[in-house]
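Trainee: I'm new to this one. Could you show me the model, and then we'll talk through a pocket and a pair of helices?

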There are 2 protein chains.
Amino acid sequence: MNETIQHLLNHRSIRKFKQHQLDEETIETLIKAAQAASTSSYQQAYAIIGVEDEGLKRQLVDVASGQRYVAENSYFFVFCMDYHKHTLAAELAGGDVSRTIETTEALVVGAVDAGLAAQNLVVAAESLGYGTVYIGSLRNDARRVSELLQLPDHVVPLFGVAVGLPDQQPGKKPRLPMDAVFHRNTYTDDDTMRELLTGYEESTSSYYGERTGGQRTEGWVKQMAASMHEPKRTYLREFLKEKQIAKD
Amino acid sequence: MNETIQHLLNHRSIRKFKQHQLDEETIETLIKAAQAASTSSYQQAYAIIGVEDEGLKRQLVDVASGQRYVAENSYFFVFCMDYHKHTLAAELAGGDVSRTIETTEALVVGAVDAGLAAQNLVVAAESLGYGTVYIGSLRNDARRVSELLQLPDHVVPLFGVAVGLPDQQPGKKPRLPMDAVFHRNTYTDDDTMRELLTGYEESTSSYYGERTGGQRTEGWVKQMAASMHEPKRTYLREFLKEKQIAKD
């Protein structure tokens, strides 16, 4: 197994960082790595906002339900879906791309493009010894994030990535059994899936039990049933429409 | 610069592969790398279908507008958004997560989760000397892909990844200037963006001119204005609703 794959397999989210700032060279290396990722039909339908202003960072902590590591890190990136530049490009070329941006297809492209770029940035950062954590809770109030970062129409913040020197060594949360994620030719039948999930409930229950001294005993199955019971961030569809994305 | 970052920066999509099959150990290493990526709220909202059947692969070529490398490779993965396992988990725990899956938020989570996992798989494959290419054109007819792979409700194919030993050495397509993708604290103003895009039009025009012996002279700006003029894959929203995803 090579070093790159070792880095990938050793990934865990880091939520406590040592006091330290990224230097410019490292920031540029991380952005270059992000930009090197594949992108749908050459669209590069994402933007990365580097949040350097301490006041802004603190306001993002509020959006992210008070997660302090949104501010306390070496650098904080916000990944956005971005079709503003395509709109400007179309204007320059005397065209109009607005109907394309209004499709659900454009939403999928933007989310996937942002995901590929972000994961390259994360892999690059971890290969340099940094820890990282994704901050999906920026979507608690994407409208507020958009105001804070003054994002134009056709730009929607999707998630943050905090980067810093690790000040903790958390364990790796056990993933779903490979057979519950990886299927050959066709999706696995329900009986087999139920068996796999039941086994996973046991292993994750043990994991949480050990980590909490028996305080918490619910595994993945019960956790998902509880945490996904009530819909979250239901304003998102309306907000995307306000941003002129995925209106179809 | 370390080896991992060199791999990331050297990425280019490979569309012609030598005859060769992935062995089981490599397939498992790639899947483990994919699973090690971060996932939103531990949901792991994606599935990977390994397409090994030659007949299936040929039918996917048809969906992908005849791109032969969808069949002619060492292995072909289809990445899907997957909430079927959460539905089964909720049943096992006596709960109901259907309303959560019906939100646009769930669509974003599924697309980003699949993107992060796929990019880890791609990085792992390239670190082992393989070439890769993403196949977004599976979304030309995601309904047909879903039928071919017998995907249940709540599972939607997003894109493919072909892996193989490179039989070509394409150049790297120039990315947008860093300042057009990376913004500090706020999104860059329109005048600056127009300047950056105009410069990029020139550099990409030269790039295409050199590669085609002057046959093609349109750069990124004109290319986007043309290729994004007519909306594509407009059935997608309806198909997601059929799959009980993002119905809000």
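Trainee: What volume does the second largest pocket have?

Mentor: Keep in mind that this is a predicted model, where local features need pLDDT of at least 70, side-chain atom pairs count only at pLDDT 80 or more, and totals for linings use all residues. A pocket here is an open set of points on a 1 Å grid where a 1.4 Å probe fits, with protein on both sides within 12 Å along at least five of seven lines. Filling the second largest pocket with probe spheres set on its points gives a volume of about 1000 Å³.

Trainee: Which residues of its lining are closest to the centre of the second largest pocket?

Mentor: Lining residues have an atom within 4 Å of a point, and residues are numbered from 1 along each chain. Of the 42 that line this pocket, the closest to the centre are Ser13(A), Arg15(A), Lys173(A), Thr39(B) and Tyr42(B).

Trainee: Which helix supplies the largest share of that lining?

Mentor: Helices are DSSP runs of H or I with at least four residues, and strands are E runs of at least two. Strand 3 and helix 9 of chain A, plus helix 2 and helix 6 of chain B, each supply at least two lining residues. The largest share, five residues, comes from helix 6 of chain B.

Trainee: How is helix 2 of chain A set against helix 6 of chain A?

Mentor: Their axes, lines fitted to C-alpha atoms over the stretch in contact, lie 7 Å apart at an angle of about 140°. Angles under 35 degrees count as roughly parallel, over 145 as roughly antiparallel, 65 to 115 as roughly perpendicular and the rest as oblique. So helix 2 of chain A is, relative to helix 6 of chain A, oblique.

Definitions and conventions: Chains lettered and ligands numbered in written order. Heavy atoms only, no water. Axes fitted to C-alpha atoms, helices over the stretch in contact; angles between N-to-C directions.
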